[in-house]
Amino acid sequence: MALTIPAIRRQFPLLAREDLTYLDTAATAQKPQAVLDAMREFYERSYANPHRGMHILAEEATVAFEDARKSVQRFLNAEHLEEIVFTKNCTEAINLVARSWGSQLKKKDAIAVSLLEHHSNIVPWFQCREQTGAQVAWIEIDDEGHILLDSLDRLLAKGDVKLVAITALSNVLGVRPPLEEIICRAHAAGALVLLDAAQAAGHGPIDVQKLDCDFLAFSGHKIYGPTGIGVLYAKREILEAMPPFLGGGKMIREVREDGFSPADIPLRFEAGTQPVAEAIGLRAAIEWGEQFTWKDRIAHERELLKRATSVLSGIDGVSLLGPRSVDERSSCISFTVEGIHPHDLTDILGRKGICMRAGHHCTQPLHRRLGIIASTRLSVGIYNTLEEIDRVGPAITDARARFA
Amino acid sequence: MDLYAENILDHYRNPRGKGALQQPTVAHEEVNVACGDALTVELKLEKNQVADLAWTGTGCAISQAGMSILNEELRGKSSDEIEALKREDIIVLLGVPISPRRLKCAMLCLHTVKNALRKARGEEPQSWLMTVGLEATD
């Protein structure tokens with residue numbers, strides 16, 4: 001059954017603002033009422049600090065927090081509950097891996113990252129390089145953003161790659177790297193694989209067991225949940241061997257005058273009071289999403305992107321970035337407009353209520369590879385309509401006319 | 001008043017003072033990393049005054065028009081006079097409303113010129129925070 005978009009839109013309070021056309025879901029998704037209600041209800045009825053205290057409220061909060069972990073386990077199809085670690089966001093999840101797992105790397109080791117990566121899957125590895133001396137190597141892409149598997153093979157053949165850190169869906173080009181192929185090749189060469197699923201998690205199913213990835217990170221706010229909550233998935237045996245990340249309360253088993261011993265996973269990586277209401281909001285977002293099938297959601301977003309492709313390619317001076325085939329795109333489409341800087345374009349569109357992102361989208365190496373400084377991005381979510389996409393065309397044509 | 005007033009678009013299309021000097025006293029580049037706007041200013045300083053200047057750059061209409069407009073104000077000004085310029089002065093020069101989201105675009109010219117002068121004095125560049133305040137930094 002196809003999605004009923006007007007009914008879906010009514011579930012998002014912010015979308016009641018008729019002055020807005022929100023096409024920036026890749027930056028962050030709007031929130032359905034169910035998420036807002038779940039967080040509010042938790043604060044109003046069950047709020048306490050989980051994993052602390054014997055009183056009834058602490059128990060309710062603990063159960064709610066751990067139920068949220070279970071919903072994430074189901075969302076990712078993780079084998080074990082303790083493979084789910086809560087973090088602040090996707091960026092912190094990747095940093096956790098870089099600081100903890102990465103601290104054991106040696107000078108001769110290498111981390112392979114692709115040119116598609118968001119800065120949050122680049123900078124932590126540069127920081128890891130500074131601390132351990134390990135190398136950072138680049139997996140190349142073609143002009144449309146396809147991963148060059150030959151380039152990956154060349155890096156893996158050296159035998160020193162310990163981790164391949166790669167996006168599951170580009171936040172600029174909307175391309176999906178061939179993950180199963182990459183993971184298979186990396187494992188054959190003795191390397192682990194980390195997937196940055198910040199974009200992917202909101203646009204298609206994830207099955208970490210089927211993928212056989214070793215780490216996967218995503219943020220709550222990009223899948224219609226709240227900000228301030230993210231997730232690191234890691235295989236149990238890998239997580240068990242990792243040293244703690246941040247130190248403090250809850251992550252310890254015992255603290256003595258001469259030192260400490262860390263807690264078991266996953267609490268070992270959850271120092272201090274956690275974003276409990278946000279975890280509950282994330283659970284609500286996951287459950288809210290489960291009322292729809294991925295098949296319907298993907299079909300809807302594909303229609304939107306098809307229309308966006310046809311609208312944009314019909315405008316003089318517009319150059320689309322990324323794959324030529326619409327079927328290879330998910331979630332977003334980025335482009336440049338001759339004669340107008342993306343900031344000017346999105347400022348002018350913004351006055352018509354059209355919200356789109358301009359800049360390098362935290363992917364400077366990718367933009368350099370494409371030979372541009374900045375681009376404009378149109379991104380879609382479950383609530384967007386074809387009519388919204390159609391508003392973009394005349395608005396860009398008007399902007400061009402003003403700058404001509 | 002529209003941000004993209006005719007004066008702004010005119011300076012963007014036909015930038016004034018764009019080019020290079022034969023023997024600048026100092027040359028300095030600043031970029032707005034968020035969007036890639038870039039300006040390089042060359043100053044010829046004589047007796048602590050701007051005898052001549054030239055600039056090059058790429059970026060949005062506001063950053064480029066801003067430099068073009070500021071360029072017309074700087075000749076003959078002393079370092080102290082330029083140092084005293086504030087963001088409000090640039091907004092007056094531009095003559096259009098500048099929202100917080102475009103403040104860095106508008107102030108890139110002032111930031112570049114001030115840091116060129118600091119460089120000429122052998123000082124460290126000042127931060128964006130010093131030039132524009134916290135609401136426009138990212």
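This tour goes through a predicted model, taking the two domains of chain A before the contact between chain B and chain A.

Begin by selecting residues 5–24 together with 293–403 of chain A, which make up domain 1, and then colour residues 47–289 as domain 2. With both selections shown, a distance drawn between their C-alpha centres comes to 29 Å. Where the two domains face each other, 34 residues of domain 1 of chain A are in contact with 30 residues of domain 2 of chain A, and the area buried between them is about 2600 Å², with 57% of it on carbon and sulfur atoms.

Next, display the side chains of Trp294(A), Leu366(A) and Arg369(A), since these are the residues of domain 1 that lose the most area to domain 2, together 23% of what that side buries. Keep Arg369(A) in view and add Asp143(A): their side chains meet in a salt bridge, at 3.0 Å from N to O. Across this domain interface the count of salt bridges is two, while the residue pairs in polar contact, both at pLDDT 80 or more, number 16.

To see which elements carry the domain 1 side, select helix 11 (294–313), strand 12 (332–337), helix 13 (364–370) and strand 15 (375–379) of chain A, each of which gives two or more residues to the side that touches domain 2. Of the contributions to that side, the one from helix 13 of chain A is the most, at six residues. Colouring the residues of this side by class gives 15 nonpolar, 12 polar and seven charged.

Now turn to chain B, whose mean pLDDT is 91, with 95% of its residues reaching 70 or more; for the complex, the predictor gives an ipTM of 0.83 and a pTM of 0.93. Select the residues where the chains meet, and you will have 19 of chain B in contact with 15 of chain A. The area buried between the two chains is about 1300 Å², of which carbon and sulfur atoms give 45%, and Tyr4(B), Arg13(B) and Cys35(B) supply 34% of the area that chain B buries, more than any other three residues.

Finally, show Asp347(A) and Arg102(B), which form a salt bridge with their closest N and O atoms 2.6 Å apart. Between chain B and chain A the count is five salt bridges, and 12 residue pairs are in polar contact, both at pLDDT 80 or more. Helix 1 (6–13) and helix 2 (61–74) of chain B are the elements that give two or more residues to the side touching chain A, and the largest share, three residues, comes from helix 1 of chain B.

Definitions and conventions. Residues numbered from 1 in each chain as written. Chains lettered and ligands numbered in written order. Heavy atoms only, no water. Domains from an automatic or database assignment. Contact = heavy atoms within 4.5 Å. Buried area = accessible area lost by both parts, 1.4 Å probe. Salt bridge = Lys/Arg side-chain N within 4 Å of Asp/Glu carboxyl O. Polar contact = N/O pair within 3.5 Å; in protein donor to acceptor, adjacent residues only side chain to side chain. Helix = DSSP H or I, 4+ residues; strand = E, 2+ residues; numbered from the N terminus. Nonpolar A, V, L, I, M, F, W, Y, C, P; charged D, E, K, R; others polar. pLDDT = per-residue confidence, 0-100.
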